[in-house]
Amino acid sequence: MRSFELSIYDNSHREVIHLIRPFRCEVPCCRQSCSQFMEIQAPPGSPIGYITQDCYCCVPVFNITDDEGNVLFKYETPFINGPTTNFIEFQVVTPGDREHVCQVVKQYQGYKDPTPAYRDTYTVTFNTPVTAKVKAILLGATFMMLAFHIKHDTYLFV
């Protein structure tokens with residue numbers, strides 16, 4: 001997947017969150033050099049968390065970690081058998097008891113538009129109260145998933 005950097009600004013036009021995703025190869029394997037990775041900084045220059053890809057066979061799973069590398073959540077991508085629904089839910093769960101913390105819903109706009117990924121709507125809903133730091137990390141994870149699933153649209157039929 002291509003690398004990117006994304007800056008998120010507040011209403012005063014100050015950069016409050018900076019996302020960095022370096023280039024990584026596309027091979028779904030366990031080698032660390034091929035796993036997808038993103039760093040979330042808030043304020044810019046101060047890492048607060050990371051998104052790392054787990055080994056997977058069919059459906060990718062991403063770890064959401066704090067700045068010390070402790071796994072806070074897992075971001076689960078659904079396995080989709082075909083283009084049969086108008087929305088797709090991605091679940092964010094705790095690693096141990098798998099409690100649902102957050103869900104990201106992708107509202108699909110249909111086949112009319114030749115570039116549907118640019119017109120989809122993503123809604124983030126928090127099921128439990130979380131801190132602003134965790135929300136910033138989960139926002140970064142949402143952008144990572146957006147980039148991952150736009151690239152893999154044909155694989156996931158989304």
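Glu 5 has Ile 20 as its bridge partner in strand 2. That pairing comes from a predicted model, and it belongs to a longer run of contacts: strand 1, residues 4–9, lines up antiparallel with strand 2, residues 15–21, through 6 bridges. The two strands make a hairpin, with 5 residues sitting between them. Within that turn, His 13 takes on a positive phi of about 65°.

Ile 20 has a partner in strand 3 as well, namely Glu 39. Here strand 2 pairs with strand 3, which covers residues 37–41, and the sense is again antiparallel, with 3 bridges counted between the two. So much for the pairing around Ile 20, which is bridged to Glu 5 of strand 1 and to Glu 39 of strand 3.

Further along the chain, Gln 91 lies in strand 7, which spans residues 87–93. Its relative accessible area comes out at 15%, and because the cut-off for buried is under 20%, Gln 91 counts as buried. The side chain of this glutamine still finds polar company: a polar contact of 2.7 Å links it to the side chain of His 100, and another, of 3.5 Å, links it to the side chain of Gln 103.

Leaving aside residues up to four places away in sequence, the residues that Gln 91 touches include both of these polar partners, His 100 and Gln 103, along with Cys 102. Gln 91 also touches Lys 74, Tyr 75 and Glu 76.

Note on methods. Residues are numbered from 1 along each chain as its sequence is written. This is a predicted model: local features need pLDDT of at least 70, side-chain atom pairs count only at pLDDT 80 or more; totals for chains, interfaces and linings use all residues. Side-chain values use heavy atoms; hydrogens and water are left out. Two strands pair if DSSP finds at least two bridges between them. Helices (H or I, at least four residues) and strands (E, at least two) are DSSP runs, numbered from the N terminus. Buried means under 20% relative accessible area, exposed over 50%, partly exposed in between (1.4 Å probe, protein chains only). A polar contact is a pair of N or O atoms within 3.5 Å; within protein, one must be able to donate a hydrogen and the other to accept it, and residues adjacent in sequence count only if both atoms are side-chain atoms. Contact means heavy atoms within 4.5 Å.
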